[in-house]
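Reader: Could we go through this model together? I should like to begin with the side-chain contacts and then move to the surface.

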Amino acid sequence: MSEKKEPSVWEGFKAFLMRGNVVDLAVAVVIGAAFTNIVNAVVKGIINPVVGAIGTKNLDHYSSCLSSTCEGEQGIQILWGSVLGATLSFVITAAVVYFLMVLPMAKYLARVEARRKAKEGTQEVIEVTELEVLKEIRDALVAQRGSGHDRQ
């Protein structure tokens, strides 16, 4: 009897890492982390000063007080400026990812699909033409056979 050798843990781990989706995910995480720094710089350097033109340049200072006094650590403050800054960061990140990554990739994939369909359509026309030629040859052979029987 032959025993089936189970793959070692190392071989299984290596196979897991070599899957395309794991590598793609790792690249996406690294690029996303690097891209976060760019977005944060844009928000702090451009968006915050534009929004802060009506008040302070730091969105974190925008807040509302729910209690009668909000001095220092006392009172209940709603820090809506921080939420606005995080929302702006998210919207900017989503817009850049969509317009610089998703949209161009979708257009590229659409072009590739159109080329593939056009190629399949050409092959289908060629196959139909070949089929028609074969039918004509068959009909001609049948006609010759039929005329040859008539002579006898």
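Author: The conversation below covers salt bridges, aromatic pairs, a surface patch and a database annotation.

Reader: What kind of model is this, and how are residues numbered?

Author: This is a predicted model, in which local features need pLDDT of at least 70 and side-chain atom pairs count only at pLDDT 80 or more, while totals for chains, interfaces and linings use all residues. Residues are numbered from 1 along each chain as its sequence is written, and side-chain values use heavy atoms, with hydrogens and water left out.

Reader: How many salt bridges are there?

Author: The count is 2 salt bridges. A salt bridge here is a side-chain nitrogen of Lys or Arg within 4 Å of a carboxyl oxygen of Asp or Glu.

Reader: Which residue does Glu-113 meet?

Author: Glu-113 forms a salt bridge with Arg-116, at 2.2 Å from N to O. Both residues belong to helix α3 (residues 80–151), where they are 3 residues apart, about one turn of the helix. Helices (H or I, at least four residues) and strands (E, at least two) are DSSP runs, numbered from the N terminus.

Reader: Are Glu-113 and Arg-116 buried or exposed?

Author: Neither term applies, because buried means under 20% relative accessible area, exposed over 50%, and partly exposed in between (1.4 Å probe, protein chains only). Glu-113 is partly exposed at 31%, and Arg-116 is partly exposed at 38%.

Reader: And what does Arg-138 pair with?

Author: Arg-138 forms a salt bridge with Asp-139, and their closest N and O atoms are 3.1 Å apart. Arg-138 has a relative accessible area of 49% and is partly exposed; Asp-139, at 43%, is also partly exposed.

Reader: Changing topic, how many aromatic pairs are there?

Author: There are 2 aromatic pairs. Rings of Phe, Tyr and Trp (its six-membered ring) pair if their centres lie within 6.5 Å; planes under 30 degrees apart count as stacked, over 60 as edge-to-face and the rest as tilted.
Trp-10 and Phe-13 form a tilted pair, 6.1 Å centre to centre with 40° between the planes. These two residues are 3 residues apart in helix α1 (residues 9–17), so about one helical turn separates them. Trp-10 is exposed at 59% relative accessibility, whereas Phe-13 is partly exposed at 43%.
Tyr-98 and Phe-99 form an edge-to-face pair, with 5.1 Å between centres and 80° between the planes.

Reader: How accessible are Tyr-98 and Phe-99?

Author: Tyr-98 is partly exposed, with a relative accessible area of 40%, and Phe-99 is exposed at 53%.

Reader: Which residues make the nonpolar surface patch?

Author: Val-23, Val-27, Ile-31, Tyr-98, Phe-99, Leu-100, Met-101 and Val-102 make a patch of about 760 Å². Helices α2 (20–51) and α3 each give two or more residues to the nonpolar patch, and α3 supplies the largest share, 5 residues. Val-102 lies in helix α3 and is partly exposed, at 42%.

Reader: What qualifies a residue for a patch?

Author: Patch residues have over 30% relative accessible area and no salt bridge; like charges are joined within 9 Å, and nonpolar side chains (Val, Leu, Ile, Met, Phe, Trp, Tyr) within 5 Å. Accessible areas come from the Shrake-Rupley method with a 1.4 Å probe, and for residues only the protein chains shown count as cover.

Reader: Where does UniProt list a "transmembrane region"?

Author: The unreviewed UniProt entry lists residues 21–43 and 88–110 under that name. UniProt positions follow the numbering used here, feature names are shortened, and annotations may be inferred rather than shown by experiment.

Reader: What does the model show for residues 21–43 and 88–110?

Author: Residues 21–43 are 100% helix and 0% strand, with end C-alpha atoms 31 Å apart. Residues 88–110 are 100% helix and 0% strand, and their end C-alpha atoms lie 31 Å apart.
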